[in-house]
2 protein chains.
Amino acid sequence: MSRISCPTLSTRVVTAAEAAAYITDGDRVAMSGFTGSGYPKAVPGALAEHARAEHGAGRDFRVELWTGASTAPELDGVLAEAGAVSKRLPFQSDPAMRQSINDGKTEYIDTHLSHSAQQAWFGFYGNLDVAVVEVAAILPGGLLVPGSSVGNSKTWLDLADKVILEVNSWHPRAYEGFHDVYYGTRRPPERLPIQLLEPMQRIGDPYLRVDPAKVVAVVETHSPDRNLPFKPVDEDSKAIAAHLVDFLRHEIRADRLPPSLLPLQSGVGNVANAVMADLADSEFEGMRAYTEVIQDGMLDLIDSGKLTSVSATAFSLSAERAADFNENIEAYKGRILLRTQEMSNHPEAVRRLGVVAINGMVEADIYGNVNSTHVMGSSIINGIGGSGDFARNSYLNFFVSNSLAKGGAISSIVPFASHIDHTEHDTQILVTEQGLADLRGISPVARARRIIANCAHPDYRDRLEDYLERAIAANPHGRHTPHLLGEALSWHERFQATGHM
Amino acid sequence: MSRISCPTLSTRVVTAAEAAAYITDGDRVAMSGFTGSGYPKAVPGALAEHARAEHGAGRDFRVELWTGASTAPELDGVLAEAGAVSKRLPFQSDPAMRQSINDGKTEYIDTHLSHSAQQAWFGFYGNLDVAVVEVAAILPGGLLVPGSSVGNSKTWLDLADKVILEVNSWHPRAYEGFHDVYYGTRRPPERLPIQLLEPMQRIGDPYLRVDPAKVVAVVETHSPDRNLPFKPVDEDSKAIAAHLVDFLRHEIRADRLPPSLLPLQSGVGNVANAVMADLADSEFEGMRAYTEVIQDGMLDLIDSGKLTSVSATAFSLSAERAADFNENIEAYKGRILLRTQEMSNHPEAVRRLGVVAINGMVEADIYGNVNSTHVMGSSIINGIGGSGDFARNSYLNFFVSNSLAKGGAISSIVPFASHIDHTEHDTQILVTEQGLADLRGISPVARARRIIANCAHPDYRDRLEDYLERAIAANPHGRHTPHLLGEALSWHERFQATGHM
């Protein structure tokens, strides 16, 4: 049965290539998609082919590409490989796109994910020409049922001059009712309070709206989200999770957390899955999550009965878990709500709900400044994503990493972070497999001693202590955050020169 | 006529020395005060004397000192000079206190000003033993009329085991009705939306509350706030203000700002006064402010009729302007509201209202990372204050500085900031007397070219360009944020070695 029940829009069905032809050189094109889910599967490939043909004919063809967050090889990958993206925002994690950015071929604007929709609306990025949005179904009246992510789709549909819809029947038709699209946003000075009091509360509509007059093309697909392989949890991740969950117990005993915790946010990756696994085995009951992304571990935690509800903006599941979810979707109704990323990451909601935020990091310096985005200062990995939205406004925030990388050649605790995404004013608790450093209410030097003792790998601990003590000695009147400027970035320099810090 | 109309509390009147005796070694002591206004004038001095006597007798005597923000020589100064402060938060700007911190004698916790009250309430800083709060009057039922600042007083009165009140008759009795103390805060998960829709809206009470059973002492004073000398606006500040106000016009023409602007926030200092002076001479009408501090320029802007209303948490006036305000206070009623700093700086309010934030900086690097707090990486100046609260959540943010410091020996635009308080993800517009760089929606390398061309002083421009071009060349696969790690902090090193960057 067709997923397109709207008489008007069903007349606009075309091929992906015909749809892509509505996009012209220099356009600003915004696509759906967040952490590899809910992105258009067909039009980006056709657009890439068109770009290659134009390049082959000696003509320019590049577009600005906006999304919710990261997508997949069929979107970021093909467009980057075709050299078709002049500018990219607000987040990416694709190898080909990353290379295009680091080669200086694509401009990348790495923004807080709660900022992207509003800043586009404010006009800070220019006029939006085309939106390409994947949905699970089009209802008779033209309302759109989103699929596995909401992301920025609401804003892209509102702002774009032209809209291309992809209707992907791989998404269960039963997704209807899983979304909460807030239509109460305004530009200042007309903004109103967001009346959200708890993670599962509905404050919007289950559907996306689109002006049918703007819809120039509808493309039908049946194609899975990004194929993310399932990874078993490694020992280091288990150790990090154990330190973190123990600390939550400690905070409950100190009466600084309620016994069912506060709403959880967790980034993607192995450590996040390990934390969820530990929580599933824990004594905590009645937990809730207010997060960006639902990954395997969080679904398991729902299945365990310990996590009663999750608000997010997208799924990021392994292929196996996605298949299982799609089959049993009805069982999750009323326990999962997907919102716009503006709401899932909104400072107002995050601070009010008192989120416990858990995010990965690349490195931290001894004073607690955190690098989430760059390798050795210059090259971007992915982007800041929602880590800043959550960390700044959280009740408690954790930044987690192995203490070593590259087989021990890199220490993730360094004298001075080679890029800073989260400052000492924002970071609270650092965790590595070595241990946990609680930085709340202590000065930079006290933080340094704690981070080095608890989080640094023993192979690097003495040298970090040595740096700290010499920096203190060398700055008799600069002992708030003592540094040796000539050495501060020398660990990264040494790695560049010798392959080892 | 006495300012103490409460029969119960009027029996607790004692001398400052008697009041200070309630404070013991190791106590956590929270005092009122924000940017040199509304701080207790007598008890801190008595406490410092007591500490000196104890030290003289060979006994330890140090306390942790919490406030709203910066205070004055009679508070931070005397206590730092007496060696009586083991830990200080959340902000300071006193020379003696700064020295004690930079000498490593006082631990300093430099937090966002919107975070300090809630984190104290969450228990992150430990139990609060004593609050010392200055007020303008005590009403018959025991309600307290605040004076020239609100700051964190509400939270300190709520949390402290013992309370000492200073009633300062220097504050006009007519301050009654100028305050809005929000009593709707809760700890998560019981938090509710803050129903604030515009800067002058009342959402709280005009009074501070205190449990009379906790009040151990009341001290009467008649003493002015910090004596801040009036400084005429210099040429560089005028140039910065002109660039900034021109840019506001540009944004109105582009339909990105309404003709009466959005609520203004402005840090303290010469540039802020210059901006206010320019706005007073401008075509803008019906402006409003949602800010931390009201300084001379903002009062002038009210007097001009162009600024209709100001919400803040404190005054920071020159002695002349304070005397004038106190004399004519009735004329400002209904146009000024002082809130708790939790509300004046609240992310929820700042983002909803769409604040235009203007804050000073120490230096910015070529990619737009901003240092607001440190000199040459190690020594603290003041602290981050509210700049992070406002910048992150603002509609538009400006960071302003002269392009040179120390007579040209220092460039405020550098290859790599020696401390980072505001990251590239947050900073939007940099302004020096040379010009303005709009960083919205462009990549780090594009930002660098714009900052160097528009904001750097000509004496340093070529060397910054040279650094950038060599960094790009040296990082063929690291062109997102290209750096030469061996040189990144060399400008600061050179200054330390030679006295010139």
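The following exchange concerns the contacts between two chains, and between two domains of one chain, in a predicted model.

Colleague: How many residues of chain B are in contact with chain A?

Modeller: Contact here means heavy atoms within 4.5 Å. By that rule, 87 residues of chain A take part. On the side of chain B, the number is 88 residues.

Colleague: Which helix gives the most to the side of chain B that touches chain A?

Modeller: Between the two chains there are 47 residue pairs in polar contact. Several elements of chain B each supply at least two residues to this side, including helix H6 (116-122) and helix H15 (444-454). With five residues, the one that gives the most is H13(B).

Colleague: Which side chains meet in a salt bridge at 3.0 Å, N to O?

Modeller: The count of salt bridges between chain B and chain A is two. A salt bridge requires a side-chain nitrogen of Lys or Arg within 4 Å of a carboxyl oxygen of Asp or Glu. The pair at 3.0 Å is A:Glu348 and B:Arg352.

Colleague: Which three residues supply 34% of the area that domain 1 of chain A buries against domain 2 of chain A?

Modeller: The two domains bury about 1,300 Å² between them, 58% of it on carbon and sulfur atoms. No other three residues of domain 1 supply more than A:Asp110, A:His112 and A:Pro199.

Colleague: What residue forms a salt bridge with A:Glu198?

Modeller: Between domain 1 and domain 2 of chain A, the count is one salt bridge. Its closest N and O atoms are 3.3 Å apart. The partner of A:Glu198 is A:Arg288.

Methods:
Residues numbered from 1 in each chain as written. Chains lettered and ligands numbered in written order. Predicted model: local features only at pLDDT ≥ 70, side-chain atom pairs only at ≥ 80, totals over all residues. Heavy atoms only, no water. Polar contact = N/O pair within 3.5 Å; in protein donor to acceptor, adjacent residues only side chain to side chain. Helix = DSSP H or I, 4+ residues; strand = E, 2+ residues; numbered from the N terminus. Buried area = accessible area lost by both parts, 1.4 Å probe.
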